[in-house]
Amino acid sequence: MSEQRGGRRRTSAETREHVLAVAHEHFYWQGIRAVGVDKIAAEAGIAPTTLYRLFASKDDLIAAYVERADNAYREWFDQAARAGGRGARERILALFDALLVQIQPDQCRGCPFLMTLAEYPDAEVAGHRLAVGMKTWVHARLNELTRELDGVDDPALLADHLTLIMEGAYASVQALGIDGPARQARVLAESILPGEDGAG
């Protein structure tokens with residue numbers, strides 16, 4: 001199966017990625033339940049039957065949308081942390097520097113995973129499970145980073161606090177904007193990390 005584009009035929013993989021890119025724009029900015037499969041197909045320039053050959057149902061499309069966002073977020077997270085260099089403290093702070101860039105209003109209306117959980121509270125729904133999996137992964141990565149710090153009596157507790165700061169930034173920016181409490185995320189994270197000399 002392929003679709004015509006720019007004088008050539010799209011492969012199935014290219015068509016699938018194109019549909020997911022369109023789905024992301026609509027699901028993220030307008031809400032998952034508010035956007036129907038027919039609208040996604042129309043905006044993607046394909047027939048609904050083509051979409052249903054790629055995704056058996058809207059639930060399958062939603063799961064693929066969340067999975068795609070998950071993969072992109074993991075890449076963003078690890079790239080942001082690496083930008084801080086070798087030290088765990090610097091990598092954590094680099095992550096929060098990158099967070100402040102990511103939650104700018106031109107590219108962020110909140111966390112796509114929190115929004116998926118809000119729209120689909122049923123733990124049996126694939127999109128819900130994938131969103132929980134992403135949040136679990138972030139918490140685990142922060143735990144890994146805090147365990148590398150010197151001078152921390154309870155790395156798991158510190159990771160919990162950093163997770164709450166990050167989640168709070170995403171949650172508050174949607175209602176209160178980038179100039180609201182979200183702007184304090186990096187400052188607050190720095191305030192609970194041990195100092196560069198290992199002293200808290």
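What follows is a short conversation about helix α8 and the loop after it.

Guide: This is a predicted model, in which local features need pLDDT of at least 70 and side-chain atom pairs count only at pLDDT 80 or more, while totals for chains, interfaces and linings use all residues. Residues are numbered from 1 along each chain as its sequence is written, and side-chain values use heavy atoms, with hydrogens and water left out.

Visitor: How far apart are the end C-alpha atoms of helix α8?
Guide: Helix α8 (helices are DSSP runs of H or I, at least four residues, numbered from the N terminus) covers residues 155-176, which makes 22 residues. Because the expected span is 1.5 Å times one less than the number of residues, α8 should span 32 Å. The distance between its end C-alpha atoms agrees with this, at 30 Å.

Visitor: Which helices help to cover the buried residues of α8?
Guide: Buried means under 20% relative accessible area, against over 50% for exposed and in between for partly exposed, with a 1.4 Å probe and protein chains only. In α8 the buried residues include L158, L162, I165, A169 and V173. By contact, meaning heavy atoms within 4.5 Å, their cover includes α4, α5, α6, α7 and α9.

Visitor: Which residue just after α8 takes a positive phi?
Guide: The phi in question is about 80°. The residue that takes it, just after α8, is G177.

Visitor: Is G180 buried or exposed?
Guide: G180 is found in the loop between α8 and α9, and its C-alpha lies 14 Å from that of I165, which is 15 residues away in sequence. Because its relative accessibility is 9%, G180 counts as buried.

Methods: Helix = DSSP H or I, 4+ residues; strand = E, 2+ residues; numbered from the N terminus.
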